[in-house]
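The following paragraphs lead the reader through a single protein chain, beginning with its interior and moving outward to the pairing of its strands.

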Amino acid sequence: MQLKLLLSTGISVTNVENRDSLPIMIKRFIAPFQKVLLTKRLCPGCTMPLDKADHYPFEGNEEMVVCKCKRMFIFDKMTNTYRRATIREADLFSKKG
Ligand SMILES: [Zn+2]
């Protein structure tokens, strides 16, 4: 029932809970929606609201945000937006802490 709905609407894929168990093909299909989730201030990995995740002071106007699923994001206080942390930023943060 749910799968039928999922296939007919496509976009509802992002709302499926256990996305990690979905086949690779569907994961690739989901990728563009991860950006959309970030703009909605949700973790693309576990869909937890990033406003509720742990925020740590980082550099300048940025905060390092660590989700409960361990994914790391940068919160820009100037633009009030989230983006994925780069490997360099994650590395820098772990050295700081
Ligand atoms: Zn998460």
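In this predicted model, the largest nonpolar core consists of 10 residues: Cys43, Leu50, Ala53, Met64, Val65, Cys67, Phe73, Phe75, Tyr82 and Ala85. Two strands, β2 (62–66) and β3 (72–76), each supply at least two residues of this core. Leucine 50, one of the core residues, touches Arg41, Leu42, Cys43, Val65, Cys67, Phe73 and Tyr82, when residues up to four places away in sequence are left out.

The core may be set against the composition of the whole chain. The protein chain has 97 residues, of which 11% count as buried. It contains 3 helices and 4 strands, and from the N terminus on these elements follow the order α-α-β-β-β-β-α. Among contacts with a separation of 6 or more, 13% are between residues 24 or more positions apart.

How are the strands arranged in the sheet? They form an open sheet of 4 strands in the order β1-β2-β3-β4, with antiparallel pairing. The edge strands are β1 (54–57) and β4, each of which pairs on one side only. On average, neighbouring strands of the sheet are turned by 30 degrees against each other, direction ignored. As a general matter, strands of a sheet pair through backbone hydrogen bonds, either parallel or antiparallel.

The sheet can now be followed one pair at a time. The antiparallel strands β1 and β2 are joined by 4 bridges. Histidine 55 stands opposite valine 65 in β2, and valine 65 is also a member of the nonpolar core. A further bridge partner in β2 is glutamate 63, which is matched with proline 57. These two strands form a hairpin with 4 residues between them, in which glycine 60 takes a positive phi near 55 degrees.

The next pair, β2 and β3, also runs antiparallel and is joined by 5 bridges. Glutamate 63, already named as the partner of proline 57, stands opposite phenylalanine 75 in β3. Glutamate 62 has aspartate 76 in β3 as its bridge partner. Between β2 and β3 lie 5 residues of a hairpin, and lysine 70 in the turn has a positive phi of about 80 degrees.

Which strand lies beyond β3 in the order of the sheet? That strand is β4, comprising residues 81–84, and 4 bridges join β3 to this antiparallel neighbour. Here phenylalanine 75 stands opposite tyrosine 82 in β4, and both of these residues belong to the nonpolar core. The hairpin of β3 and β4 has 4 residues between the strands, with asparagine 80 in the turn at a positive phi of about 60 degrees.

Taken together, the pairings return the reader to the core. Phenylalanine 75 faces glutamate 63 across one pairing and tyrosine 82 across the other, while tyrosine 82 is in turn among the residues that leucine 50 touches.

How values were computed. Residues are numbered from 1 along each chain as its sequence is written. This is a predicted model: local features need pLDDT of at least 70, side-chain atom pairs count only at pLDDT 80 or more; totals for chains, interfaces and linings use all residues. A residue is buried if 20 or more other C-beta atoms lie within 10 Å of its own, exposed if 12 or fewer, and partly exposed in between; C-beta atoms are placed from the backbone. Two residues are in contact if their C-beta atoms, placed from the backbone, lie within 7 Å. A nonpolar core is a set of buried Ala, Val, Leu, Ile, Met, Phe, Trp, Tyr and Cys residues joined through C-beta atoms within 7 Å. Two strands pair if DSSP finds at least two bridges between them. Axes are lines fitted to C-alpha atoms, for helices over the stretch in contact, and angles run from 0 to 180 degrees between N-to-C directions.
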